[in-house]
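The following explanation is intended for a reader who meets this structure for the first time. It proceeds from the definition of a contact to the overall fold, and then to individual helices and side chains.

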Amino acid sequence: MDSEAARVRDSEDVLSDTFFEARAADLAQRLGRGRFEHTLGVAKTAQNLARLYQVDERQARLAGLLHDWDKSYDDTGIRKRAEELALAIDPFVFEEMPQLLHGPTAAAALASAFPAIPHEVIQSIERHTAGAVGMTDLDMVVYVADALEPGREYLGLGAIRDLIGIVSLEELYLTTFRQVLLNLVERRKRIHPQTIDIWNYYIARSREATGKEPKRGTL
C-alpha cells in the first residue's frame with residue numbers, strides 16, 4: 001500500500017519542487033561532490049535554455065538534474081547495470097565505451113522507479129551522452145546544458161555560449177555536437193558508432209532554416 005501511495009503521489013508531483021529536491025538529496029548521496037555540483041549546474045542551465053527556446057522548463061530542469069543518475073558506476077559496474085536492466089546496447093559501445101552507458105541505464109532505472117516521470121524527460125536522459133538522429137527540443141536542451149553548464153571549461157565553449165539566444169536551438173545543438181566531436185578527436189578518444197549518422201543528418205538539415213526562433217537574451 002505504501003508503494004502504491006508513493007506512486008500516486010509521484011504521479012502528481014514529479015515536476016514539482018518537492019520531487020526535485022528529494023531527487024537532489026538522493027543524488028547528493030549517489031555522486032561525488034564535483035559531479036553533484038555539475039548536475040545542479042545542468043539543471044539550472046537546462047531550465048534557462050528551455051525558457052529561451054520555449055521548451056517546458058520543469059521538464060528541462062528535472063532532466064538536467066537526473067541525467068547523471070548512474071554516473072558513479074565504474075566500467076564493470078555499468079556493464080552489469082545494463083545487463084540487469086536488459087538493455088539492447090551496441091556491442092562495441094558495451095565493450096569499448098562503457099562510460100556512455102550511464103544515459104541509457106539511468107533512463108531505464110528512473111522510468112522503473114518513478115513511472116510518472118514523463119517519457120520526454122526519460123528520453124532526454126537516455127540521449128544526453130551520444131545524441132541521436134531526430135532529437136526533440138527537450139533532448140537538445142539537455143545535451144547542450146550538459147556541455148555548457150558554468151562548471152564546464154574546455155576549448156571552444158565560450159564561443160558557443162555566445163550563441164545562446166542568437167541562433168536556433170537546433171543550430172546551437174549542432175554547434176555543441178561539433179565541438180564535442182572535435183574535442184574527442186583531438187584527445188584521440190573513441191567515437192560512438194552513431195556519430196557520423198547524427199552529424200550527416202543535422203548538417204543536411206542545417207542547410208534550411210530549422211528550429212524555433214529563440215527569444216533574444218542570454219543565460
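Two residues are said to be in contact when heavy atoms of theirs lie within 4.5 Å. The model to which this term is applied here is a predicted one. Threonine 175 offers a convenient illustration. Leaving aside its neighbours within four places in sequence, threonine 175 is in contact with Ile160 and Leu163. Threonine 175 belongs to helix H11, and its relative accessibility of 18% places it among the buried residues, because buried means under 20% relative accessible area. Its side chain also reaches the backbone oxygen of glutamate 171, at 2.8 Å.

With this term in hand, the chain as a whole may be considered. Its secondary structure consists of twelve helices and zero strands. Of its 219 residues, 47% count as buried. Among the contacts with a separation of 6 or more, 67% are made by residues 24 or more positions apart. The chain exposes about 11,400 Å², of which carbon and sulfur atoms supply 49%.

Helix H11 comprises residues 169–186. Its 18 residues reach 26 Å from the first C-alpha to the last, close to the 26 Å expected at 1.5 Å a residue. The buried residues of H11 include Leu172, Tyr173, Thr175, Phe177 and Leu181. The buried residues of this helix pack against H3, H9, H10 and H12. After H11 comes arginine 188, whose phi is positive, near 60 degrees.

One of the partners of H11 is helix H9, which covers residues 137–148. At 1.5 Å a residue, its twelve residues should span 16 Å, and the end C-alpha atoms are indeed 16 Å apart, so the two values agree. How is H9 placed with respect to the rest of the structure? Eleven of its twelve residues are buried, and H9 is therefore largely enclosed by the rest of the structure. Among these buried residues are Leu138, Asp139, Tyr143, Asp146 and Leu148. They pack against helices H3 (33–52), H4 (57–66), H8 (119–127) and H10 (157–161), as well as against H11.

The aromatic side chains provide a further view of the interior. The count of aromatic pairs comes to six. In one of them, tyrosine 173 and phenylalanine 177 form a tilted pair, with 5.9 Å from centre to centre and 45 degrees between the planes. Why are these two residues about one helical turn apart? Tyrosine 173 and phenylalanine 177 are separated by about one turn because they stand four residues apart in helix H11. An α-helix has 3.6 residues a turn, so residues three or four places apart point the same way. Both partners are buried: tyrosine 173 has a relative accessible area of 1%, and phenylalanine 177 one of 4%.

Tyrosine 173 also pairs with tyrosine 202 in an edge-to-face arrangement, at 5.1 Å centre to centre and with 75 degrees between the planes. This pair links distant parts of the chain, since tyrosine 173 lies in helix H11 and tyrosine 202 in helix H12 (residues 195–205), 29 residues apart. Tyrosine 202 likewise counts as buried, at 2% relative accessibility. Tyr143, Tyr173, Phe177, Tyr201 and Tyr202 form one aromatic cluster. Tyr143 is one of the buried residues of H9.

Other aromatic rings lie beneath charged groups. The charged end of arginine 23 sits over the ring of phenylalanine 19, 4.7 Å from its centre. In the case of phenylalanine 20, the charged end of arginine 61 sits over the ring, 4.2 Å from its centre.

A last aromatic residue, phenylalanine 94, is found in helix H6 (residues 91–96). Is phenylalanine 94 buried or exposed? Phenylalanine 94 is buried, because its relative accessibility is 16% and the limit for buried residues is under 20%. Not counting residues up to four places away in sequence, phenylalanine 94 touches Arg79, Ala82, Glu83, Ile89 and Leu101. Of these, glutamate 83 is eleven residues away in sequence, and its C-alpha lies 9.9 Å from that of phenylalanine 94.

Methods: Residues numbered from 1 in each chain as written. Predicted model: local features only at pLDDT ≥ 70, side-chain atom pairs only at ≥ 80, totals over all residues. Heavy atoms only, no water. Phe/Tyr/Trp six-rings, centres within 6.5 Å; stacked < 30°, edge-to-face > 60°. Buried < 20%, exposed > 50% of the residue type's maximum accessible area, 1.4 Å probe, protein only. Lys NZ or Arg CZ within 6 Å of the ring centre and 35° of its normal. Expected span 1.5 Å × (residues − 1). Polar contact = N/O pair within 3.5 Å; in protein donor to acceptor, adjacent residues only side chain to side chain. Areas by Shrake-Rupley, 256 points an atom, 1.4 Å probe, with all protein chains shown as cover.
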